[in-house]
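Morning, everyone. I'll take one structure today and go through it piece by piece. Please have the viewer open.

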Amino acid sequence: MLALGTAFPTLTFSLIDAALFRPPPFREVGRLMMVYNLLTAPREPGSRLRWSFPRIRLLRNLSAEFAAVANYSPNLLTLTHAGEAEAISAEVVSQNYFSLLGTGPAVGRVFLAEEDSVPGAH
């Protein structure tokens, strides 16, 4: 009982501390903005449609209002290995995604500029 009585408040404080008191792990958080596609009405209440990669590229080329423009699209993927399948959350991101947020990947390398300029490249 003592362990449960101690664990619950500790867990609660940790979640509140992470959500409310610590700043997000990005540089210049106050300058970040998320742009949604308002031209098409969402089909589900509360859902938002994101811009396509070609539209983001057009916005990046035509806009002097933004210092940088990056894109991401959340996806649910299936990872298979040795006959086992597992659903994982993933994001398809533009080449400058990590540099715009001021962070890097946990494993591997960031994307090169030419990897974002070839149509259909993954």
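Start at N71. Leaving aside residues up to four places away in sequence, N71 touches W51, S52, F53, I56, V92, V93, S94 and Y97. Keep in mind that this is a predicted model.

Where does N71 sit? In the loop between α2 and β1, with β1 covering 72-81. Is N71 buried or exposed? Its relative accessible area is 5%, and the cut-off for buried is under 20%, so N71 counts as buried.

Two of those contacts, V93 and Y97, lead us to the next topic. The largest nonpolar core has five residues: Y72, V93, Y97, F98 and L101. Which helix gives the most to this core? That is α3, with three residues. As background, nonpolar side chains in soluble globular proteins tend to be buried together.

Stay with L101 for a moment. Again not counting residues up to four places away in sequence, L101 touches F26, R27 and L32.

Now the aromatics. Y97 and F98 are both buried. Their ring centres are 5.3 Å apart. Their planes stand at 80°, and over 60 counts as edge-to-face, so that is the label for this pair. How many aromatic pairs are there? The count is two. Y97 and F98 also join F111 in one aromatic cluster.

On to the pocket. The largest pocket holds about 820 Å³ of space. Its lining has 26 residues, and the closest to the pocket centre are L32, M33, A68, A70 and L100. L32 you have met already, as a contact of L101.

What is the lining made of? By class, there are 19 nonpolar, two polar and five charged residues. Helices α2, at 53-62, and α3, at 97-101, each supply at least two lining residues. Of the elements, α3 gives the most to the lining, with four residues. Recall that α3 also gives the most to the largest nonpolar core.

Last stop, M33. It is one of the residues closest to the pocket centre. M33 is in the loop between α1, which spans 2-21, and α2. Buried or exposed? M33 has a relative accessible area of 58%, and the threshold for exposed is over 50%, so M33 is exposed. Look across to F66 as well. M33 and F66 are 33 residues apart along the chain, and their C-alpha atoms are separated by 9.5 Å.

That's the tour. Over to you for questions.

Key: Residues numbered from 1 in each chain as written. Predicted model: local features only at pLDDT ≥ 70, side-chain atom pairs only at ≥ 80, totals over all residues. Heavy atoms only, no water. 1 Å grid on protein atoms, 1.4 Å probe; cavity = no way out; pocket = protein on both sides within 12 Å on 5 of 7 lines; lining within 4 Å. Points joined across faces, edges and corners; volume = space filled by probe spheres on them. Nonpolar A, V, L, I, M, F, W, Y, C, P; charged D, E, K, R; others polar. Core = buried A, V, L, I, M, F, W, Y, C linked by side-chain atoms within 4.5 Å. Buried < 20%, exposed > 50% of the residue type's maximum accessible area, 1.4 Å probe, protein only. Contact = heavy atoms within 4.5 Å. Phe/Tyr/Trp six-rings, centres within 6.5 Å; stacked < 30°, edge-to-face > 60°.
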